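Hi,

Here is the structure I promised to pass on. Have a look at it first, and then read my notes below.

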Amino acid sequence: MARLSDPITILKGVGPTKAKQFANLNIFTLGDLICHFPRGYEDRTGLRTIAQLEVDVPACFKAMVMNTPRTNHIRKGLDLTKVQIADHTARLTVTFFNNRFAAEQLQYGKEYIFYGALSGDFVGYSMTNPVFEALDSQPVTTRRVLPIYPLTAGLTNAAMLKAVRQALAICDVPPEILPESVRQTYGILPAERAYYAIHEPSSMAEAEMAKKRLIFEEFFVFSAGLALMRASRAKKFAEPYTNTNLQPFLGRLPFQLTGAQRRAVEDILADLTAGAPMNRLVQGDVGSGKTMIAAAAAYCAVSNGKQAALMAPTEILAEQHYASLNKLFAPLGIRTALLTGSMTPKQKREVRDALAAGEVDFAVGTHALLSDSTEFADLGLVITDEQHRFGVAQRSRLSAKGADPHLLVMSATPIPRTLALLMYGDLEVSIINELPPGREPVDTFLVGESYRPRINAFIRKQVAEGHQCFVVCPMVEENEDLGVKSATLWAETLQKTVFPDLKIALIHGQMKAAEKEEAMASFARREADVLVATTVIEVGVDVPNATLMVIEDADRFGLSQLHQLRGRVGRGGSKSYCILTSQNRNPDTMQRLKALCKTTDGFRIAEEDLKMRGPGDFFGSRQSGLPAFRVANLSMDLQTLKDAQAASARWIDTEGTADTPEGRALRDRIGVLFDRAEGTMN
Ligand code: ADP
Ligand code: MG
């Protein structure tokens, strides 16, 4: 018996060339091959007679070859082979193009199984290029449900099928990880059967069953992993905070908290006084005021003699948080420090020493806070901002810092419920569904190229009124194939030909971190009127003076991303606008973009977005913080997800720690999934 970890080159017919093709599909081992699932099936079961065949509906039928196939050389590169076939109901002329194999194989007087579709015209029926197999052959392309695989150049479906079939014959499928009780409850195929049936189903119904099992399995592994994380933290003890008086802090704010902010703060206080580590997500649309909630939590930790840390995904955001929170906290006697990667080694060391000595109460920083060399004297609370940038595995690493600190994560990206259930299955959730008072919604318009003069005039008008504008392009550099605006070139065009008298600045993802920081900071200091950017500006930075967001080729972005970008304006007191340009006249696309003009409800936009695009795409390039699911489709399989989640929760409660073969195999799989997920999470 071969093992799942054996390389595919041990298979017959898989040499170095084939192996390279498989590698393009990330298939290296027999296990990878067995887990390369079909993307669909063709039902080639059932035999018809020739008379029963329908035009354009492919089907299998048995027929006898009535003459010796004749091949005509039409011209260079085109050979036509014609043959007559028949059964007891009808005759049929079959034509093959450039098919020497057919010409050689089909023998006068013998019967074959064909699979093909009739084409009909006024002269009569005919068939071109059917596949066929001898009656006594093992069914490969006829008389079966044929799996259709994701392929790559040079690799045919038949070659894939052959390789998979061999692999299944010489090695065991992955071990069972679903407990018997769970399989019983949800009517789920055992692993062994499912892995065979997904590749070699005896019927479409069996293929469906196999698919259902594998989807369930994916969700189960993931949610069991989260549940384990949650359970292990729930068992931990955290000394309940006793001082919950936030008045000194709240009294210094220039505004009253909104109702939603107050409720979130109350949730947090309840967690902090409960005696177990907090695991809470605060989810709220851009501009809903999450920073103050983080500040309230940090204040509470510090007034109970603990240290708190706030982690932001970018340096510039960390700096901004530091500046505003330090101003708020310093008069309250709270010692705040900034720690980011770009500080000098000496500066970093000083901050780290102070943190270790307990001379700093509140650390604001980037993932530099996570590094091994950062130690805390008594870390009580860890907060991460813009959580979707961090992902699930980092969360567990964070909470490993200090003695099980309380964990508060904040996400501005409203995620559809399906995704939230998955990503944050280990967290309690507080939702902020209310914006601070006096916020006017950002007026959003969708326009075509003919509006260009008016867009330019509008930019000029905003600048004349003392405001600033963002212009976002889908790409950094010009790419003729795609025909979309690039930030670099567009910035040049605007500066040279459209607005020679204005200051145009540029920021994009290919710039060095320090350059980006400087460009952003300079814009925030009003040193430029217009900032041409890529999506790097999507997260975080507050430039309240910016009142206009122009998004070029808006059809190139996801809806949620557009919504996030739009959230960069409308943060000051002035009326703000968002202009989406698009030359794409596709009705679906236009409808999508128009939906964005009509609503500012981030959650509704997110649901819409998930429907249109897969979860992989959801946050732009692979930023969902989720592992890639092979079979499951997050927008389709909601019920399966719920079942798997309920099942995994029950499993953790009842037999999660039992030393069964399934339990061990499951824990292995969880380990692999979360490890691997970590690599793709940033
Ligand atoms: P986000 O949820 O996107 O992180 P912020 O915390 O950055 O939002 O808040 C956006 C702006 O709203 C900030 O300028 C902040 O000072 C202000 N703000 C927050 N809470 C309130 C409130 N209750 N009333 C008025 N303004 C508020
Ligand atoms: Mg924020």
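**The six-stranded sheet**

Strand E20 (residues 468–472) and strand E23 (residues 546–551) pair in the parallel sense, with five bridges between them. One position to look up is Val 472, which stands opposite Ile 551 in E23. Before you go further, do keep in mind that this is a predicted model.

E20 and E23 belong to an open sheet of six strands with parallel pairing, in the order E19-E24-E23-E20-E22-E21. At its edges are strand E19 (443–447) and strand E21 (504–507), each of which pairs on one side only. Neighbouring strands of this sheet are turned against each other by 20° on average, direction ignored.

**The seven-stranded sheet**

There is also an open sheet of seven strands, again with parallel pairing, and its order is E14-E15-E13-E16-E17-E12-E18. E14 and strand E18 (428–432) stand at the edges with a single partner strand each, so one side of each has no neighbour in the sheet. From one strand to the next, the twist averages 20°.

At the E18 end, strand E12 (residues 279–284) and E18 pair in the parallel sense over five bridges. Arg 280 has Glu 428 in E18 as its bridge partner. Helix H11 (residues 315–329) packs on this sheet and touches E13, E14 and E15, and its direction makes about 170° with that of E14.

If you want one residue to zoom in on here, try Leu 338, which is found in strand E14. Buried or exposed, by its relative accessible area? Leu 338 has 17%, and the cut-off for buried is under 20%, so Leu 338 is buried. Leaving aside its neighbours within four places in sequence, Leu 338 is in contact with Ala 318, Glu 319, Tyr 322, Met 343, Val 351 and Val 364. Leu 338 and Gly 365 are 27 residues apart in sequence, yet their C-alpha atoms are 5.5 Å apart in space.

**Helix H12**

Val 351, one of those contacts of Leu 338, is also one of the buried residues of H12. The full set of buried residues in this helix is Lys 348, Val 351, Arg 352, Ala 354 and Leu 355. Seen down the axis of H12, they fall within an arc of 160°, so they line one face of the helix. Residues three or four places apart in an α-helix point the same way, because there are 3.6 residues a turn.

What do the buried residues of H12 pack against? They pack against strand E13 (307–311), strand E14 (336–339) and strand E15 (362–365). On the face turned away from the buried side you will find the exposed residues Pro 345, Lys 346 and Arg 349.

The length of the helix checks out too. H12 has 13 residues (345–357), which at 1.5 Å a residue should span 18 Å, and its end C-alpha atoms are indeed 18 Å apart. H12 is followed by Gly 358, whose phi is positive, near 75°.

**Aromatic pairs**

How many aromatic pairs does a search of the whole structure find? The search finds 15. Among them, Phe 37 and Tyr 195 form a tilted pair, at 6.2 Å centre to centre with 40° between the planes. Phe 37 lies in the loop between helix H2 (30–34) and strand E1 (40–43), and Tyr 195 in helix H6 (residues 191–199), so the pair ties together parts that are 158 residues apart in sequence. Both rings belong to buried residues: Phe 37 has 10% relative accessibility and Tyr 195 has 3%.

Phe 458 and Tyr 577 form an edge-to-face pair, at 5.0 Å centre to centre with 85° between the planes. This pair links distant parts of the chain, 119 residues apart: Phe 458 is in helix H15 (residues 452–464) and Tyr 577 in strand E24 (residues 577–581). There is one aromatic cluster to look at as well, formed by Phe 61, Phe 96, Phe 101, Tyr 112, Phe 114 and Phe 132.

**One more residue**

Last on my list is Thr 589, in helix H19 (residues 587–598). Thr 589 counts as buried, because its relative accessibility is 12%. Not counting residues up to four places away in sequence, Thr 589 touches Asp 555 and Asn 584.

Happy looking!

How values were computed
Residues numbered from 1 in each chain as written. Chains lettered and ligands numbered in written order. Predicted model: local features only at pLDDT ≥ 70, side-chain atom pairs only at ≥ 80, totals over all residues. Heavy atoms only, no water. Helix = DSSP H or I, 4+ residues; strand = E, 2+ residues; numbered from the N terminus. Expected span 1.5 Å × (residues − 1). Buried < 20%, exposed > 50% of the residue type's maximum accessible area, 1.4 Å probe, protein only. Arc of directions from axis to C-beta. Contact = heavy atoms within 4.5 Å. Phe/Tyr/Trp six-rings, centres within 6.5 Å; stacked < 30°, edge-to-face > 60°. Pairing = 2+ DSSP bridges. Axes fitted to C-alpha atoms, helices over the stretch in contact; angles between N-to-C directions.
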